[in-house]
Amino acid sequence: MQTKPFRIGTRGSPLALAQAAETRSRLMQAHGLPEEMFEVVVLSTMGDRITDRALSEIGGKGLFTEELEQQLLSGELDFAVHSSKDMPTWLPEGLEISAYLPREDFRDAVVGRTAPSLTALPDGAIVGSASLRRQALIRRMRPDIEVIVFRGSVETRLRKLNEGQVDATLLALAGLKRLGREDVVTELLDPTDFPPAPAQGAICIESRIGDRRVLDLLGGINHKPTYDAVSCERAFLEVLDGSCRTPIAGYTLLDGDHLQFHGLILTPDGRREHAVSIDGARKDAVALGKQAGATVRAAAGPGFFDSWR
């Protein structure tokens, strides 16, 4: 029987702390455990410390997970809580995603200062975003708009927006809802026209492979529909070698045992794209994601991917 607290690793941003708190709360409820059985351990990652450059220039998504994963592998943490869209496509040997919490709304939200929507912004307006996917989709929609790199926590980006550094920015609706900041949203983007990042809106929990004590604990809060949907999206990414260096979008819709996936790849300037839609049995989520990735890769051809490098 567990007598010492489980150690939960997390980044230190308000959103990361909110996600860790939600995970702890769900575990307490699922297993009837007191709060003192869970210790939240806050770590600073390279991605948190370097905020003046695009992620694609300094190493990609792993910059938000490496320190946490090192302590997982050493046994200093029992598990770590992440935003699923920040997870690298390939995890370090010995680690796995063991559980997902129920997914929040995966749409992107516009927070406009000088106009409420992307279409209403004046010619030459400046929009800030750190995401290559969002940058490419904005350029596809409004090639007249200037898009600049805009990094930092949700609070930092909202402050920069209010200071007038940009006319608008885009944020994940899920994060704003978890922080109680839905009030800042001026437009919600239709995923049909502006598809989200794969795994957007989902919180995942990473742990050591074969750690039965932890796996039994996390199994009590794993949300199977989210697990299946995000597994499909991550399989799509895997085939495309997706990272923060690549503008890739994708989302999964579930209807009972049926799954429908929609994916999109773009060049960074938003001028060229290839879309794919596929549906099938939910039990084949990973295979369908890989099939979608292979289909769009074949349609695009090798030259398309060369433009990303």
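Let me start at the pairing of L253, whose bridge partner in β12 is Q260, and I should say at once that what we are looking at is a predicted model. That bridge belongs to a set of eight that join β11 to strand β12, residues 258-266, and the two strands run antiparallel. Around them is an open sheet of three strands, with antiparallel pairing and the order β11-β12-β13. Its edge strands are β11 and β13, the latter covering 273-281, and each of these pairs on one side only. If direction is ignored, neighbouring strands of this sheet are turned against each other by 10° on average.

Now for the helices that cover this sheet. Helix α5, residues 132-141, packs on the sheet and touches β11, β12 and β13, with a direction that makes about 75° with that of β12. Helix α9 also lies across β11, β12 and β13, and it runs at about 150° to β11.

Staying with α9, I would like to turn to its neighbour α10. In general, two packed helices are described by the angle between their axes and the distance between the axes. Here the axes of α9, residues 224-240, and α10, residues 285-300, come within 7 Å and cross at roughly 35°, and α9 passes α10 in a right-handed crossing. On the α9 side the contact is made by residues including D228, S231, C232, A235 and F236, and on the α10 side by residues including A285, L288, G289, A292 and V296.

One residue of that contact deserves a closer look, namely L288, which lies in helix α10. Is L288 buried or exposed? It is buried, with a relative accessible area of 7%. Leaving aside residues up to four places away in sequence, L288 touches C232, L259, I278, D279, G280 and A281. L288 and F261, for their part, are 27 residues apart in sequence, and their C-alpha atoms are 8.0 Å apart in space.

Let me come back to β11 by way of aromatic rings. A search of the whole structure finds four aromatic pairs. In one of them, F106 and Y251, the ring centres are 5.3 Å apart and the planes stand at 45°, so the pair is tilted. F106 lies in the loop between β4 and β5, whereas Y251 is in strand β11, residues 248-255, so this pair ties together parts that are 145 residues apart in sequence. F106 counts as buried at 13% relative accessibility, and Y251 is buried as well, with a relative accessible area of 7%.

The loop that holds F106 leads our attention to β5, and with it to another sheet. Five strands form this open sheet, in the order β7-β6-β8-β5-β9, and the pairing is mixed. At its edges stand β7, 146-148, and β9, 187-188, each with a single partner strand, so one side of each is left without a neighbour in the sheet. Helix α6, residues 154-162, packs on the sheet and touches β5 and β8, and its direction makes about 165° with that of β8.

Within this sheet, β5 is joined to β8 by five bridges, the two strands running antiparallel, and it is joined to β9 by two bridges, again with antiparallel strands. A109 shows both pairings, since its bridge partner in β8 is L171 and its bridge partner in β9 is L188. V110, in turn, stands opposite E187 in β9.

How many residues of β5 are buried? Five of its five residues are, and the strand is mostly covered. In a regular strand the side chains alternate between the two faces of the sheet. In β5, D108, V110 and G112 point one way and A109 and V111 the other way, and all are buried.

I will finish with two local details. K160 lies over the face of F150, at 5.6 Å from the ring centre. The other concerns backbone geometry, where most residues other than glycine have a negative phi. A199, in the loop between β9 and β10, has a phi near 75°, a positive value in a residue other than glycine, and A199 is buried, with a relative accessible area of 2%.

Definitions and conventions
Residues are numbered from 1 along each chain as its sequence is written. This is a predicted model: local features need pLDDT of at least 70, side-chain atom pairs count only at pLDDT 80 or more; totals for chains, interfaces and linings use all residues. Side-chain values use heavy atoms; hydrogens and water are left out. Rings of Phe, Tyr and Trp (its six-membered ring) pair if their centres lie within 6.5 Å; planes under 30 degrees apart count as stacked, over 60 as edge-to-face and the rest as tilted. Helices (H or I, at least four residues) and strands (E, at least two) are DSSP runs, numbered from the N terminus. Buried means under 20% relative accessible area, exposed over 50%, partly exposed in between (1.4 Å probe, protein chains only). A charge sits over a ring if NZ of Lys or CZ of Arg is within 6 Å of the ring centre and within 35 degrees of the ring normal. Two strands pair if DSSP finds at least two bridges between them. Contact means heavy atoms within 4.5 Å. Axes are lines fitted to C-alpha atoms, for helices over the stretch in contact, and angles run from 0 to 180 degrees between N-to-C directions. A crossing is left-handed if the near helix is turned anticlockwise from the far one by less than a right angle, and right-handed if clockwise.
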